[in-house]
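Dear colleague,

I am handing over the structure we talked about, and I would be grateful if you could look through it at your leisure. My notes on what was found in it follow directly below.

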Amino acid sequence: MNFKHKYFFLFPGLFVLIGILIFPIIFVVRLSLSGWNSYNPGLDYIGLENYIRLFTDDPRFWESFFRLSFLSVTTVILQYVIGFALAHMVWKDIKFKRFFRVLFLVPMMTTPVIMTVIWRTFFHESLGPVNDMLSIFGVAPKWLTDPVIAKFTVIIVEVWQWTPFMFLLLLAGLLSLPKEPFLAAAIDGASPVRKFIYVTFPLMAPISIGAIIIRLIEASKIMDTVYVLTSGGPGTSTETSSFYIFIKGLREFQMGYAASMSFTYLIIMIISLTIIAKVLTKVLLKE
Amino acid sequence: MKIMKTCLTAIISSLMIFSPMAYADKWSDQFPHIKATGDIPGDCSYEKMSKKNYKGKTLKINTHAIPVMGEPTALHAEQFEKLTGAKVEVTHTPAGDLYSKAMVPFQAGQAPYDIVFGFSNFINDWKRYLAPVPKKYMNSPEMKDVTKSHMGVSSWDGTMYQYPVDGDRHYLKYRKDVIDNPEMQKKYKADTGKELKVPTTWKEYGEMAKYFNGWDWDGDGEKEYGSAEVMKKDDLMFAAFFSRSVAYAKNPRTPGGFFFDLETMKPNINNPGFVEALTDWVEATKYVPPGGTNFGLGDEIGSFGGGQTLFSFSWDDAFIAAMQDDSPIKNKVGAAPLPGANKVWNRVSNSWENQYNQAPYIVWGWAVGVAKKSKVKDMAFDYLCFFSNGANHQADLAIGRFGVNPFKNSDFDPNIYINSMGWDPEIANSYTKTLLDMEKSNNRVFPLRVPGVFEFTSAVATGTSKALAGQLSPQEALDEVAKEWEAIVSRVGKKAVQDAYAVGVKMEDNKL
């Protein structure tokens, strides 16, 4: 048998890679160099016109990007802290451990769009139960209509929905930790806090970096929550990059321009997530 | 005498047998949806459709999600299948995706759907992919019954591309039990020194809404509010803004464009007329229910229809919801034309004219077309003709959630609403008169129907929502919209937008 025949076994995988990854990216790049829109469909060639418009005449895209950065970093930090706390809790031998492990995963198993509709009903300022309960204390926050509070409403929903994912990864990490360092710390008489700071946390650093990066990638695509909860409003106060690209591409049908935004966004995300991963590795692993 | 009696009995029996009532019974037994009227004779009646044979053929329809328009589409599809033997596949799509779901395959040269539902303002972008309505349907008595406005809305420069199945316009809805209540009138007069009456200007609307905001004026133990409006960004809010703008910016003495100056294609959107309307709208955020600035159409319907507010204005749905049997405010609401203004902007002289102005807004609404590349066009048009036949149309009108509203001249007969829906005669009269007067007006505004219409309306939604959220002043917000409109015109091509806009202007200037 010719040794080169092994390459034939690579073809199926290679075709899939080209079909589902390489081709769409190449097509998006080509689309971004066209003026495809509702009145002028087709892959004409307009050079870098869309990119020039994006970099010189579209502050809304950049505003939505910075808003997205704030929302995704905040939600991921909160998810990490809460997820770690919950994972740490059920890692110990507590009563109903199995029940809690399943319970904490429930939000992640629900459909995001449907849950967001339910959250929107909860936060409805005149008909929702949240303000109804808070009215006992004489407060009625404008959950969806105040430009600042609306951002935190989006954060609450995102944290609720995706903390279980962080919990799951961190719990898996905790369960795989070696027992010896903990035994050594116990023999040395370390308090639970010191054990956490000097043993658990450093040992969990590699998996923490992985979990944070995975969640950052996911969080930077916030779209359905914003779409259902606020439609990017009030004003543009909760508009994120993906929602803005959706509006330009599928609402206004500016396909060429939306493609240029998508590609730019992809490049920015690759660069920024690489830098974040490097920084986290340096800080947490002290490399 | 006996012979006369026999003859009379025979005549009455014959009439019973051959009258529409008896003729209808045959069909209403099988199709309870039309039990109120039975089949109504016409080119696409149940009787006529039952004679068609589409066995072995499949009709594919993309329509809106259930219930609004989606439910009647599915119901009439099922009836059509039973009558003709055809197979009808109905796909339900959220409103925001109707445009792209048809447009993507259209642009790719495909026709996965024979019939596509959308909004009437899609017409310019869709018309090159749709088949014109054939002459035999155009000449049918049902089509002759469609109002002039809605013939115009469904057509492009005289050619009909969208089959009329619904009629839409914005008008004022108010709580009749409050506005007409002598005690409330006395109280309002004592507190404000002004008369409590159906508002005829937006300023009066604002004053009354503010007065009736945040207290329990109907004694149900709950707080009520001034007004429910569609203010949620991108959720049809631009149409609500245009409804408020027409009074200040549609001047019958300056023909040649409401949205743009047709000659120069300079946007009018940031002129003082529109700015005044947006200033009023920003003020309205103070008298909507809590969370009202995030209300979409569904919230508005639920809020007014559920008795939460004094006023509302937009499509018929909130009014129909309020008048349904299960509504707590059935027969307690009234309909009236959109408020006007005591001044109107003259864009030619660049000054305000201090005289009363009111302009109806024949807003865009549900529309449906047959794909040019469909292989079953005849069956598709038959389905649409059947959808809006006399019996189906009257039955659909009575069901608020269907979203089917009057668009035929015969729909303006108040007896339809009194007899089949149990409306109070006074309310039915005010409703039909309001709608009919809009048809007769010479100062109407039609929806913007130009290439890339979504870019224009999306810019309005973004700008006005920034003003409502306090991010920009009304003038700054509309200046931003005008700048964006100029950029869009330049991208699309001034001539293309101008030519398309000229068709709408002809309608507004009563020349079409």
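A residue is called buried if 20 or more other C-beta atoms lie within 10 Å of its own, exposed if 12 or fewer do, and partly exposed in between. By that rule A:Thr281, with 15 C-beta neighbours inside 10 Å, counts as partly exposed. Please keep in mind throughout that this is a predicted model. A:Thr281 belongs to helix α13 of chain A, residues 255–285, and its C-alpha atom is separated by 7.8 Å from that of A:Pro206, although the two residues are 75 apart along the chain.

The remaining notes concern chain B, which is divided into domain 1 (2–164 + 365–405) and domain 2 (171–362 + 443–508). The centres of the two domains, taken over C-alpha atoms, are separated by 32 Å, and 15 residues of domain 1 of chain B are in contact with 19 residues of domain 2 of chain B. On the side of domain 1 that touches domain 2, the elements that give two or more residues are α6 (123–126) and α9 (148–154) of chain B, and by class that side has four nonpolar, nine polar and two charged residues.

One open sheet of chain B has four strands in the order β2-β1-β3-β14, with mixed pairing. Strands β2 (87–93) and β14 of chain B stand at its edges, each with a single partner strand, so one side of each is left without a neighbour in the sheet. From one strand to the next the twist averages 20°. Two helices pack here: α5(B) lies across β1 (58–64), β2 and β3 of chain B and runs at about 130° to β3(B), while α17 of chain B (residues 377–387) touches β1, β3 and β14 of chain B, its direction making about 155° with that of β14(B).

How enclosed is the edge strand β14 of chain B? Five of the five residues of this strand (366–370) are buried, so β14 is largely enclosed by the rest of the structure. In a regular strand the side chains alternate between the two faces of the sheet. Here B:Trp366, B:Val368 and B:Val370 point one way from β14(B), whereas B:Ala367 and B:Gly369 point the other way, and all are buried. Strand β3 of chain B (residues 115–119) runs antiparallel to β14(B) and is joined to it by five bridges; within this pairing, B:Phe117 has B:Val368 as its bridge partner, and B:Ile115 has B:Val370.

A second open sheet of chain B also has four strands and mixed pairing, in the order β7-β10-β6-β11. The edges are held by β7 (225–228) and β11 (333–336) of chain B, each with a single partner strand, so one side of each is left without a neighbour in the sheet. Within it, β6 (residues 171–175) and β10 (residues 309–314) of chain B pair in the antiparallel sense over four bridges, and B:Tyr174 stands opposite B:Phe311 in β10(B). Helix α20 of chain B (residues 425–440) lies across β6 and β11 of chain B, running at about 25° to β11(B).

Finally, the contact between the chains takes 27 residues from chain B and 26 residues from chain A. On the side of chain B that touches chain A, the elements giving two or more residues are α5 (95–107) and α21 (453–468) of chain B, and α21(B) gives the most, with seven residues. By class, this side of chain B has nine nonpolar, eleven polar and seven charged residues.

With kind regards

Definitions and conventions
Residues are numbered from 1 along each chain as its sequence is written. Chains are lettered from A and ligands numbered from 1 in the order in which they are written. This is a predicted model: local features need pLDDT of at least 70, side-chain atom pairs count only at pLDDT 80 or more; totals for chains, interfaces and linings use all residues. Two strands pair if DSSP finds at least two bridges between them. Two residues are in contact if their C-beta atoms, placed from the backbone, lie within 7 Å. Axes are lines fitted to C-alpha atoms, for helices over the stretch in contact, and angles run from 0 to 180 degrees between N-to-C directions. Ala, Val, Leu, Ile, Met, Phe, Trp, Tyr, Cys and Pro count as nonpolar, Asp, Glu, Lys and Arg as charged, and the others, Gly among them, as polar. Domain bounds come from an automatic or database domain assignment.
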